[in-house]
Amino acid sequence: MTLLESLKKCSVVVADTGDIEAIARLKPQDATTNPSLLYSAAQRPEYQHFVDEAVEHAGQQGGNEKDQSEAFMDRLFVSFGREILKHIPGRVSTEVDAGLSFNREGTLAKARRLIELYEREGVSRERILIKVASTWEGIRAAEQLEREGIHCNLTLLFSFAQAVACAEAGVTLISPFVGRIYDWHKKERGGADIPIDEDPGVASVTRIYNYCKKFNYKTQVMGASFRKIEQIIRLAGCDLLTISPDLLEKMQQTQGEVAPALTPEKAKSSEGERLHLDEKTFRWMHNADAMAVDKLSEGIRKFYADARKLEQYARSQVREKVSA
């Protein structure tokens with residue numbers, strides 16, 4: 001048995017890519033996408049028809065260049081998501097623009113729009129996760145969306161406060177970032193590798209998983225942003241694990257078995273009391289974690305830059321269509 005086959009027995013494996021060929025080959029349960037992944041995929045000749053679909057859709061929407069570019073991006077996300085779903089049995093995560101990270105109403109409008117486009121394509125909302133940054137505003141938007149039957153994946157999650165607030169809001173899924181937490185602490189320690197037993201990213205996800213299971217929250221935990229296979233193995237048993245194609249390939253090529261490190265039974269006996277966070281308490285707890293403050297801000301900036309890169313590409317495609 002390979003490590004990947006064994007891992008699939010105790011955690012749902014999610015592919016973190018927009019490469020449909022890789023998804024078809026690696027056979028994950030779910031998949032996640034983001035503007036950077038889609039920008040890269042859209043440059044490939046085999047996906048040109050998705051770009052053409054998006055250009056045509058943008059032209060039908062009318063409006064100015066900005067409006068058409070936004071329509072292009074929405075349609076591109078949905079076209080890739082629809083195609084990815086043909087190759088997996090589960091769900092695909094589609095991201096709300098990071099520029100809306102502190103805009104509750106804007107997030108709600110964008111999420112509803114994406115779901116509307118998916119449903120027009122015959123894709124049930126049960127197979128879509130709307131990916132939203134784990135800011136206070138994002139969490140509140142996700143809480144409302146869940147009430148409407150729109151399921152959410154709260155991303156850029158670095159602090160325990162973020163995880164607790166998401167669980168209390170009843171979101172479907174949270175994605176704590178193992179590798180980025182590890183990166184921050186590694187840099188703080190002078191760049192030396194951190195032993196797996198002391199890995200702060202692994203410790204963070206373990207704590208969050210135990211809390212959610214101990215207090216019977218419906219929210220699922222998906223470890224994300226891995227740097228090495230050892231981190232994945234230490235979180236085997238987590239509800240879901242989203243893994244890049246290169247690490248999935250390595251696990252598929254390595255013989256071995258993975259034992260569950262996280263289980264609901266262990267979680268029930270873990271330490272910790274149940275918390276209830278209002279906005280002030282949430283902001284204070286999150287602010288007390290220097291790593292989380294740094295990485296959330298950096299993550300939003302990077303996701304925003306990726307979205308603008310895709311937006312520029314969208315504008316170029318729209319202009320080309322207009323001038324044709």
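Here is a chat about the rings, cores, hollows and odd loop residues of a predicted model.

Reader: Before we dig in, what kind of model is this, and how are residues numbered?

Author: It is a predicted model, where local features need pLDDT of at least 70, side-chain atom pairs count only at pLDDT 80 or more, and totals for chains, interfaces and linings use all residues. Residues are numbered from 1 along each chain as its sequence is written, and side-chain values use heavy atoms, with hydrogens and water left out.

Reader: OK, how many aromatic pairs are there?

Author: The structure has 10. Rings of Phe, Tyr and Trp (its six-membered ring) pair if their centres lie within 6.5 Å; planes under 30 degrees apart count as stacked, over 60 as edge-to-face and the rest as tilted.

Reader: Take Trp136 and Phe282. Why is that pair called tilted?

Author: Their ring centres are 5.2 Å apart and the planes stand at 45 degrees, so the pair is tilted. Trp136 belongs to helix H7 (residues 136–147) and Phe282 to helix H14 (residues 279–287), so the pair ties together parts that are 146 residues apart in sequence. Helices (H or I, at least four residues) and strands (E, at least two) are DSSP runs, numbered from the N terminus.

Reader: Buried or exposed, those two?

Author: Trp136 and Phe282 are buried. Buried means under 20% relative accessible area, exposed over 50%, and partly exposed in between (1.4 Å probe, protein chains only).

Reader: And what about Phe160 and Tyr211, how do their rings meet?

Author: The centres are 5.2 Å apart with planes at 85 degrees, so that pair is edge-to-face. Phe160 sits in helix H8 (residues 160–169) and Tyr211 in helix H10 (residues 200–214), so the pair ties together parts that are 51 residues apart in sequence. Phe160 is buried, and Tyr211 is too. Together with Phe215 and Tyr217, Phe160 and Tyr211 form one aromatic cluster.

Reader: Which charged end sits over the ring of Phe160?

Author: That of Arg207, at 3.7 Å from the ring centre. Likewise, Arg140 lies over the face of Trp136, 4.4 Å from the ring centre. The rule is that NZ of Lys or CZ of Arg is within 6 Å of the ring centre and within 35 degrees of the ring normal.

Reader: New topic: how many residues does the largest nonpolar core have?

Author: It has 91 residues, and those with the most contacts inside it are Leu7, Phe72, Leu76, Ile130, Leu154, Ile174 and Ile243. Helix H5 (residues 65–85) gives the largest share of this core, nine residues. Apart from it lies another core, of 13 residues, including Phe158, Phe177, Ala224 and Ile300. A nonpolar core is a set of buried Ala, Val, Leu, Ile, Met, Phe, Trp, Tyr and Cys residues joined through side-chain atoms within 4.5 Å.

Reader: What does Leu154 touch?

Author: Leaving out residues up to four places away in sequence, its contacts include Val132, Ile139, Cys166, Leu173 and Ile174. Contact means heavy atoms within 4.5 Å.

Reader: Now the hollows. What is the volume of the largest cavity?

Author: About 70 Å³. Among the residues lining it are Glu95, Asp97, Lys131, Thr155 and Phe303. Strand E4 (128–133) and strand E5 (152–157) are the elements that give two or more residues to that lining, and E4 has the largest share, three residues.

Reader: And the largest pocket, which residues lie nearest its centre?

Author: Asp16, Asn34, Phe177, Arg180 and Ser225, out of 23 that line it. The volume of the largest pocket is about 400 Å³.

Reader: How do you tell a cavity from a pocket?

Author: On a 1 Å grid over the protein atoms alone, a cavity is a set of points where a 1.4 Å probe fits but cannot get out, while a pocket is an open set with protein on both sides within 12 Å along at least five of seven lines; lining residues have an atom within 4 Å of a point. Grid points are joined across faces, edges and corners, and a volume is the space filled by probe spheres set on the points.

Reader: Last thing: what is the phi of Lys27?

Author: It is positive, about 50 degrees, although Lys27 is not a glycine. Lys27 is in the loop between helix H2 (20–26) and strand E2 (30–32), and is exposed at a relative accessible area of 57%.

Reader: Where is Asn216 found?

Author: In the loop between H10 and strand E7 (220–223). Asn216 also has a positive phi, of about 60 degrees, without being a glycine.
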